[in-house]
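This report describes selected features of one protein model for a reader who is new to structural analysis. Please keep the structure in view while reading.

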Amino acid sequence: MAYLDKITSPRDIKTMTTPELETLAEEIRAGILNRDSKIGGHVGPNLGIVETTIALHYVFNSPQDKIVFDVSHQSYPHKMLTGRQKGFTNDAKMLKISGYTNPQESKHDFFIVGHTSTSVSLACGLAKARDIKGEKHNVIALIGDGSLSGGEALEGLSNAAVLNSNIIIIVNDNEMSIAENHGGLYTNLSLLRQTGGAAECNMFKALGFDYHYVEEGNSLPALIEKLQQLKDTPRPTILHVHTLKGKGYKPAVENKERWHWNLPFDIKSGTVTIPSEGENYNDITFAYLNSKIKQDKDVVVLTAGTPGAFGLTPERREQFGPNYVDVGIAEEHAIAMSSALAKGGCKPVFYVMSSFLQRTYDQLSQDLALNNNPAVILVFSGAISGMDATHLGCFDIPLTSNIPNLVCLAPTTKQEYLAMLDWSLKQRRHPVVIRVPIRVTTSNETVPANYDELNTFQVVHQGKQVALLAAGNFFELGRQTAAQLQKHGIDATLINPRFLSGLDEKCLHELENDHRIIVTLEDGVLDGGFGEKIARFYGPSSVKVLNYGAFKEFPDRIPVTELYQRYRLTPEQITADILRLG
């Protein structure tokens, strides 16, 4: 790396010639591919934004001038230009650098960001703070890769347009979202590209922005010239740049959706190097819904810009036909639309990651649950995990289980999951959230087909003294703990709660007769969760309750085995706690 290894800050590139900067761009691309091929990460978005990032740091003076990256899955080149290149070139240091912006890593980062459509709003706040304090510097938001379809982006644009001071919004138009773009906004972007930015119909100008367009969005001279022109502008300004997602890596250019993010891979062939784990709930869910749609045209599948996360390849989406809707990166809209689809007589099924469900709280409460419309929400990746702090999936149980009318189910096996999904589509009484299990386990036991009698727990094994209420993903942990207790002469009752949104008071009262300790296990944060409902129920009694789950914190890339030890989520630790109670 002739240039990259010598860069300690953006100042180091300001005296470089254009040929040197272009060589640096290729070194940065090599660093992106090196890191992503070793530990996985965002490929296409970062490869496509290299020149824009170099031009930004060449023209502006970070951190005095403040650059905010939307989602920050386009921040790898920025990281390499701000002294963190070893996280991309040195295998031993890769895991020390987050895949997202993080102020704890560098003064050039201003926010921990991993969810979409936030950059313009954050930049508005920085610009207003600057103006209030009488300071003079540029504030730049870099948005793109589908982020404009999110509601917060539109709210931010509306406000930014009337700031009447310096704010520069770079719209990275690579003609893609995570998958293909959806929504009328992108029709206007396409028109602007086709006309070289000259179309009279221009949504940005309509809002009140000064508007500029760069067709060659991967040309360093063109970008530098335009940014130098815009630096220190006193007006809210849009710079629309047309870039190539995946530039510099043929597989990422040819299959932009697949290469938005990828597991570790072989750079030469593009082949993923982590073996498949076999049957998964992506395939199981698709097979069920695809068959269901063939029988019942009222079933409608919705996603919010991330179909690949659920194994919904373009071929699978094509099989769904008109019964598939991608609303763009707009989860709030997806929940409201699902509610209205149900009201209109359809049977909507919305796929969503646990982390992204957080964006929809008001729609879950107001648009869906208050109206009690029977939509189905499949929550994927709901679990304690070793993810980046921006993508944790441990907060959905408190979020969903405390909203009236919303039925929250936690299946434990493939058979139970399919039975609950089938029931959810047939019933017309309530909206239903199903927490899709993480690992596929099967059972030969018959599972109920009807869940009309809400909040009924299943006693899998009747014992005495100790009862283990093990929900969803943690049912197997409950089984293992029961086996551990058996070694100490305790025949524990094992219960599959099935419902997270309510209590089986009849079952809980019966446990009082011959149980002195109740243990709850849930694969999520404890505060406001399922276990605390059980503890509150037994509060006036002599029964002791132990709640096991995650602490209220933002763990950042901590291995899940380490978190389980921290939270005392091993059979041995749980057994030791029970024995200590006597």
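In the description of the surface below, a patch is made of residues with over 30% relative accessible area and no salt bridge, and nonpolar side chains are joined into one patch within 5 Å. The model is predicted.

**A nonpolar patch on the surface**

W261, L263 and I274 form a nonpolar patch on the surface, and together these residues have about 270 Å² of accessible area. W261 belongs to strand β7, which covers residues 261-262. Because partly exposed covers the range between 20% and 50% relative accessible area, W261, at 42%, is partly exposed.

**Salt bridges**

How many salt bridges does the structure hold? The total is 27. Three of these pairs are set out in the table.

| Pair | Distance, N to O |
|---|---|
| E51 and R29 | 2.8 Å |
| R235 and D210 | 3.4 Å |
| D556 and R557 | 3.0 Å |

In the pair of E51 and R29, the side chains meet in a salt bridge. E51 lies in helix α3 (residues 50-59) and R29 in helix α1 (residues 18-39), so the salt bridge ties together parts that are 22 residues apart in sequence. Are these two partners buried or exposed? E51 counts as buried, with a relative accessibility of 4%, and R29 is also buried, with a relative accessible area of 3%. Both assignments follow because buried means under 20% relative accessible area.

The side chains of R235 and D210 form another salt bridge. This pair links distant parts of the chain, 25 residues apart: R235 is in the loop between α10 (220-230) and β6 (236-242), whereas D210 is in strand β5 (residues 210-214). R235 counts as partly exposed at 29% relative accessibility, and D210 counts as partly exposed at 29%.

A further salt bridge joins the side chains of D556 and R557. D556 is partly exposed at 25% relative accessibility, and R557 is partly exposed with a relative accessible area of 29%. Elsewhere, K79, R84, E105 and D109 are joined into one network by salt bridges that share partners.

**Cavities**

A search of the whole structure finds four cavities of 30 Å³ or more. The largest cavity has a volume of about 60 Å³. Its lining consists of 14 residues, and D145, G146, N172, Y186 and L189 lie nearest its centre. The elements that give two or more residues to this lining are β4 (167-173) and α8 (184-194). The largest share, three residues, comes from β4. By class, the lining of the largest cavity divides into five nonpolar, six polar and three charged residues.

The second largest cavity holds about 50 Å³ of space. Among the residues that line this cavity are I67, V68, F69, T101 and D109. D109 is also one of the residues in the salt-bridge network named above. The lining of the second largest cavity has six nonpolar, two polar and one charged residues.

**The second largest pocket**

About 510 Å³ of space lies in the second largest pocket. Which residues lie nearest its centre? They are T412, T441, G472, F475 and E476, out of a lining of 26 residues. Two or more lining residues come from each of β14 (458-461) and α19 (475-486), and α19 provides the largest share, with five residues. The lining of this pocket has ten nonpolar, eleven polar and five charged residues.

Technical notes. Residues are numbered from 1 along each chain as its sequence is written. This is a predicted model: local features need pLDDT of at least 70, side-chain atom pairs count only at pLDDT 80 or more; totals for chains, interfaces and linings use all residues. Side-chain values use heavy atoms; hydrogens and water are left out. On a 1 Å grid over the protein atoms alone, a cavity is a set of points where a 1.4 Å probe fits but cannot get out, and a pocket is an open set with protein on both sides within 12 Å along at least five of seven lines; lining residues have an atom within 4 Å of a point. Grid points are joined across faces, edges and corners, and a volume is the space filled by probe spheres set on the points. Helices (H or I, at least four residues) and strands (E, at least two) are DSSP runs, numbered from the N terminus. Ala, Val, Leu, Ile, Met, Phe, Trp, Tyr, Cys and Pro count as nonpolar, Asp, Glu, Lys and Arg as charged, and the others, Gly among them, as polar. Patches are made of residues with over 30% relative accessible area and no salt bridge: like charges are joined within 9 Å, nonpolar side chains (Val, Leu, Ile, Met, Phe, Trp, Tyr) within 5 Å. Accessible areas come from the Shrake-Rupley method with a 1.4 Å probe; for residues, only the protein chains shown count as cover. A salt bridge is a side-chain nitrogen of Lys or Arg within 4 Å of a carboxyl oxygen of Asp or Glu. Buried means under 20% relative accessible area, exposed over 50%, partly exposed in between (1.4 Å probe, protein chains only).
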